[in-house]
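Thanks for making the time this morning; I would like to walk through one model with you, residue by residue in places and strand by strand in others. Please have the sequence and the coordinates open while I talk.

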Amino acid sequence: MEFHLRFLLTNFIGVHAFFFFISLATAELPRLQHPTKVDGSLSFLVVGDWGRKGAYNQTQIARQMGKIGEKLKINFVVSTGDNFYDDGLKSINDPAFLNSFTKIYKAKSLQKPWYNVLGNHDYRGNVEAQLSPNFRSVDSRWLCMRSFVVNSEIAELFFVDTTPFVDKYFVRPKDHKYDWSGVLPRQHYLSNLLKDVDLALRNSAAKWKIVIGHHGIRSAGHHGDTKELVKQLLPILEPNSILDKWRWFKSMER
């Protein structure tokens, strides 16, 4: 069956995320299954930098997402991180979860699984709280992990935790405090993640591979290239059959 992939990028302050479309999956990375539609097509929305308790046009954009989601009959929503501003979630009981997510994305068409990765603002809060599966009892749509794979038959989505790659969050954190639990020792974490992503991509039999992360790899925008990803992640993606198109999305503010 012909494969149709549609996505919508929504932007408040902006989205700094990358999508590599690799046309042609995994031993270590957690895997989730999500079927296509009956006709073999797949539609999803993409949003990032969104958790603002309805401010910065979040509510207005959510309404438009609902309309587009209904028109496309989406399968799910992808979030590229910075899910809760400014400093992530404080705990499993943080009201920001309801005020920035559940009460904002109310449209019927958006009552689908949300697959989320972490951004640098999320790492300023309680990371384990945001990753907690207990949130599914609050809102069953929510699924957030550091790195994982969603298999949707002819397409596989590879979610990569990019924040720990970026040196400045460790050596020049300014006044920010980051929760690196589960990441330290850093080099061990990154080494294992790169091996897992490489193995996942090499083992994938999907026609389309889509690699998703919070930080752009190359960009002509305000932040420019993320040099750590150019050096460490890009060499893994390039040999794994990146074909005709890839996209980088960057924000004006990180």
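Glu-153 has a relative accessible area of 49%, and because the exposed class begins only over 50%, Glu-153 is counted as partly exposed. This is a predicted model, and in it the phi of Glu-153 is near 65°, a positive value in a residue other than glycine. Its place is in the loop between strand 8, residues 148–152, and strand 9, residues 155–160. Lys-73 is another residue that is not a glycine and yet has a positive phi, here of about 55°. Lys-73 lies in the loop between helix 1 and strand 5, and at 60% relative accessibility it counts as exposed.

While we are on the backbone, let me turn to the peptide bonds. The bond from Tyr-85 to Asp-86 is cis, with omega near -5°, and Asp-86 sits in the loop between strand 5 and helix 2. A cis peptide bond also joins Leu-184 and Pro-185, with omega at about 0°, and Pro-185 is placed in the loop between helix 4, residues 168–171, and helix 5.

Next, the strands. Which residues cover the two faces of strand 5? On one side of strand 5, residues 76–79, we find Phe-76 and Val-78, and on the other Val-77 and Ser-79, and all of them are buried. Strand 4, residues 42–47, runs parallel to strand 5 and is joined to it by four bridges, with Val-46 standing opposite Val-78. Between these two strands the chain passes through helix 1, residues 58–72, in a β-α-β crossover that is right-handed. Strand 5 is also joined, by three bridges, to strand 6, residues 114–116, and these two run parallel; here Ser-79 stands opposite Asn-116. Together with helix 2, residues 96–102, strands 5 and 6 make a right-handed β-α-β unit.

Helix 5 allows a simple check of geometry. Its 18 residues, 186–203, should span 26 Å at 1.5 Å a residue, and the C-alpha atoms at its ends are 26 Å apart, which agrees. Among its buried residues are Tyr-189, Leu-190, Leu-193, Leu-194 and Val-197, but also the charged-type names Arg-186 and Asp-196. Viewed down the axis of helix 5, the buried residues fall within an arc of 165°, so they line one face of the helix. The face turned away from that buried side carries the exposed residues Gln-187, His-188, Lys-195 and Arg-202. Leu-201, also in helix 5, counts as buried at 0% relative accessibility, and its C-alpha atom is separated by 9.3 Å from that of Glu-156, 45 residues apart along the chain.

I will finish with two polar side chains. Gln-130 lies in helix 3, residues 127–131, and at 0% relative accessibility it counts as buried. A polar contact of 3.3 Å joins its side chain to that of Asp-122, and, leaving aside residues up to four places away in sequence, Gln-130 touches residues including Asn-83, Phe-84, Trp-142 and Cys-144. Arg-218, by contrast, is found in the loop between strand 10, residues 208–213, and helix 6, residues 227–232, and at 35% relative accessibility it counts as partly exposed. The side chains of Arg-218 and Asp-225 are joined by a polar contact of 3.0 Å, while Arg-218 and Val-230, twelve residues apart in sequence, are 7.3 Å apart in space, C-alpha to C-alpha.

Notes
Residues are numbered from 1 along each chain as its sequence is written. This is a predicted model: local features need pLDDT of at least 70, side-chain atom pairs count only at pLDDT 80 or more; totals for chains, interfaces and linings use all residues. Side-chain values use heavy atoms; hydrogens and water are left out. Buried means under 20% relative accessible area, exposed over 50%, partly exposed in between (1.4 Å probe, protein chains only). Two strands pair if DSSP finds at least two bridges between them. A crossover is right-handed if, with the strands pointing away from the viewer, the path from the first strand over the helix to the second runs clockwise. The expected span of a helix is 1.5 Å times one less than its number of residues. The arc is that of the directions from the helix axis to the C-beta atoms. A polar contact is a pair of N or O atoms within 3.5 Å; within protein, one must be able to donate a hydrogen and the other to accept it, and residues adjacent in sequence count only if both atoms are side-chain atoms. Contact means heavy atoms within 4.5 Å.
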